[in-house]
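Colleague: I have a few questions on the model you sent. Can you put it up on the screen?

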Amino acid sequence: MRQALRDPHTWLVMLAGGLLGVCGVWLAVLGNPQNSGICVSCFLENSAGALGLHDNPRMQYLRPELIGFVLGSSLAALGFREFSSKGGSAPLPRLLSGVFLIVGCSVFIGCPIKLFLRLAAGDWTALPGLFGLVVGVWLGLKGLAVGVHLGNAKKEPGGSGYWTPLLFVLLLGFLLLRPGFVLFSERGSAAEAAPVMIALGIGLLLGALAQRTRFCITGGLRDLFVMGLRAQLFWGFLIFIVIALAGSLLSGSFTPGFYGQPGAHLDMLWSFLGMLLVGSISVLIGGCPFRQLVKAGEGDADAGLVVIGMLLGAGLVQSWQLAGTAAGVPLYGKVAVLAGLAFFLLNLLLFRERTVA
Amino acid sequence: MQFLRILLVGTLLLSLLACQQTGERPVMKIGYMNCNSEEETMKRFQPLTKYLSDQLNVDFQAIPVDTQDFPERFAAGEFEFTHTNSLVYVIMREEQQIELLATEMRGNYGSHTAGTIVSKKGSGIKTLEDIKGKRMIFGPQLAPSGYLAQYDLMLRSGIDPELDIAYYAIPTGSFKHEKVAYAVYFDQFDVAALPALDLELMTRDGKITAEDFNILGQSPIFPYCTFGARKDVDPELLKKFRQVLVDLSEAETVDYQGESLKVLASAWIDGFEALSDSDYDLLREMAKRANMPPYQEF
Amino acid sequence: MLKDRIDILLGVLLLICAAAAVALLTGQGSQASQSNMAVDKALERDIAYQAKVSFLERLYAPVSELQQAEKLETALLKLDELSRHYPDEAHGELLRGEILLQMQAVPKAIEHLARAVRMSGDYVDQNSPLSRRSMINQLVDVQLPKLKAAATQQTTGRLQATLKDLYYLQGRLAGGCE
């Protein structure tokens, strides 16, 4: 532990975690939906709606933070000469993993970052999600331990890694120029938003910091399991929670309880299973939804496919009404989570490297 | 000979087993107040009775009972459980100390209901004051939302039903409440005392429209039809009985005469609520003001 | 990057494509068609929503008039009549809840209001012309403490269901992303 704290990189990780906590609370104060200052899955659902991938008129907005995460990461990677095009490891399973990541998040109502923002705001209905995430990460690690491996990404001579950042440059253009085919909600949660430039700036800053530090929620948990308190990511993760809690208390948004929480439901089992799905898949593909965006920004085409899958999933969960709401989790949302768990288990079977005695 | 002996012993054993089978469950009776006819009452409540039997491991038998005979037949010990309107419940609570189990939910007000006084649209009768000197038709006398509530409403509005209207009548036979509505609709009477629920159901069924009648007044809401039980029935059974009713959901089914029927839908009920006896105090006050049983004074 | 003639040729073609796209986007004719498309899409959505709002207002106008005239029983009957043609319609549920609340039939009112909000979030949305946010807010503020207190005295399925509906409304008022 002391060794970890002596390393300047640990402090950078802690800075990233702290800023994520501050911005998570601050963006909600500035206008983002309550407890959703930062939520990758919610932002993706909003953005998918803006691009016409679903027709829920209350969930259509091209979230600047999301664009900022990817482009911030790209700029940092290019600036520090870390941008490198790589990919080619199990592309289709990664694409589908992206879809199921969003299924799990939408059933729980939020990504792992939002899970902790919800807990920091006193939303105890997120507790089963926390347990689910921890169990999911543990299961994913067990999978890796028994030889499950999606394969190594190879450096690609072509510039395949540029395509995801370029896609997000295009989205930035859409956000700023607002062409007619991009939809922006005038009511509902997507109409609640922090000022564009501030949100974009925060996204760029957090994207850049996350690229430098490899900050990841499930990564923090994974490293805690593997390395204990020596894990640098865990310290960043801890600071994120502490700062988010302090922010909630200071901003007056801390309202502890199970009932009347914003964007939450009481289907505890499905909150647990939804986050279990997210945790397990995240470990298998090497990072939570936020980390996938950052990796895609630094030229990882495999992560880029996960991002495309997440965008597709975000459209599907709204179009097929799989997402959880305050009224609970719809039947087909539950079925989708079970399909996701089956997908995870099938991948364990298919990608396990067996040693023949 | 040997064969005959085996047959005899076998038959004896079988009949003993059969006796034991029927004797396994206690038999109890539920008296159901007739709304329109015995046939309708039995059709409505037999699936529910079968469901209660299955859930509580008691052989319940449904007995249709006319409203005016109810307190007397209950006092005579003809049935242990009762399903009556709320006024008959209040009467039997006063006279026989019956236990309150659960209140039926139906229509806009759930476990509550109300009585309305209506006139035909275009009749010129627009307020309660206008009904003085007019011909009025009520529902049956022991109907809380077809008679008592309106009688009380009139008294509280300064209209004495015995003195201030030309005359009033009560229909006979079945479907009394609908007869009351049609009596005004077809100009046989000027004013009618109708349960709010019947107005609601007739409108939903398309028999009348909201524009057909002027609603001159409506009573406060009070508890609707009620399940009760004799005070000496096992308290544990009463508790379970109440719980089964309160837990009944729309989706619950029962196998009855070879069919799988939705219990609540068969009985035309939306559900049950466990009210407390004090919820019936409003009705008691009405009965006292209207000099009606169980507080009638001569 | 541009190492031979083929590279140069491809680069030039790329530049031509980019220039053509810019010309298309900035040219006058295309500007008109682009703005038409933009207006069409936004307009279509606005028209559809406004049409829905005005249809609901027109459909339920007799109910609202009766409600304003405090003829609440007749207003309920009118709703029953309309529900024959439009059963389980969100705005009908909302009006039924409002009327029952005016009649002090609180548990049933809460049931219908929660059902309406489940079907359409517009009723708790500040920006919607159909918004009833302040009424629902007031209902939650007044009834929640009462029902919580009642639940400590006795626990019935009905009371729990009403409390659950109130918590749902409270959650929707609190916001969140859904």
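Modeller: What follows goes through the contacts between chains, then the domains of one chain, then some backbone details. Keep in mind that this is a predicted model.

Colleague: Which chains share the most contacts?

Modeller: Chains A and C do, out of the 2 pairs of chains in contact. Chain A and chain B have no contact joining them, and their closest C-alpha atoms are 17 Å apart.

Colleague: Let's stay with chains C and A, then. How many residues does the contact take from each?

Modeller: There are 23 residues from chain C and 29 residues from chain A. The area buried between the two chains is about 2100 Å², and carbon and sulfur atoms give 57% of that.

Colleague: Which three residues of chain C supply more of its buried area against chain A than any other three?

Modeller: They are Arg45(C), Cys177(C) and Glu178(C), which supply 35% of the area that chain C buries against chain A.

Colleague: How many salt bridges are there between chain C and chain A?

Modeller: The count is 3 salt bridges. One of them pairs Asp122(C) with Arg187(A), and the closest N and O atoms there are 3.1 Å apart. For polar contacts, the rule finds 9 residue pairs across this interface, with both residues at pLDDT 80 or more.

Colleague: And which helices of chain C supply at least two residues each to the side that touches chain A?

Modeller: Helix 2 (28–59) and helix 8 (157–174) of chain C each do. Helix 2 of chain C has the largest share of that side, with 7 residues. Sorted by class, the side of chain C that touches chain A has 7 nonpolar, 8 polar and 8 charged residues.

Colleague: New topic: chain B. How is chain B divided?

Modeller: Into domain 1, which covers 24–109 + 223–289, and domain 2, which covers 115–219. The C-alpha centres of these two domains of chain B lie 27 Å apart.

Colleague: How much area do domain 1 and domain 2 of chain B bury between them?

Modeller: About 1400 Å², with 65% of it on carbon and sulfur atoms. On the domain 1 side of chain B, Asn36(B), Met286(B) and Arg289(B) supply 35% of the area buried against domain 2, more than any other three residues. In terms of contact, 17 residues of domain 1 of chain B meet 19 residues of domain 2 of chain B.

Colleague: What does Arg289(B) form a salt bridge with?

Modeller: With Asp152(B), where the closest N and O atoms are 2.7 Å apart. The count between the two domains of chain B is 1 salt bridge, and there are 4 residue pairs in polar contact, both residues at pLDDT 80 or more. Helix 10 of chain B gives the most to the side of domain 1 that touches domain 2, with 4 residues.

Colleague: Now the backbone. Which peptide bond in chain B is cis?

Modeller: The bond from Pro293(B) to Pro294(B) is cis, with omega near 5°. Pro294(B) is in the segment after helix 10 of chain B.

Colleague: Where does Arg81(A) lie?

Modeller: In the loop between helix 4 (64–79) and strand 1 (86–87) of chain A. Phi of Arg81(A) is near 55°, a positive value in a residue other than glycine.

Colleague: Why do you call Arg81(A) exposed?

Modeller: Because the relative accessible area of Arg81(A) is 78%, and exposed means over 50%. Gln97(B) also has phi near 55°, but Gln97(B) is partly exposed, with a relative accessible area of 38%.

Methods
Residues numbered from 1 in each chain as written. Chains lettered and ligands numbered in written order. Predicted model: local features only at pLDDT ≥ 70, side-chain atom pairs only at ≥ 80, totals over all residues. Heavy atoms only, no water. Contact = heavy atoms within 4.5 Å. Buried area = accessible area lost by both parts, 1.4 Å probe. Salt bridge = Lys/Arg side-chain N within 4 Å of Asp/Glu carboxyl O. Polar contact = N/O pair within 3.5 Å; in protein donor to acceptor, adjacent residues only side chain to side chain. Nonpolar A, V, L, I, M, F, W, Y, C, P; charged D, E, K, R; others polar. Domains from an automatic or database assignment. Buried < 20%, exposed > 50% of the residue type's maximum accessible area, 1.4 Å probe, protein only.
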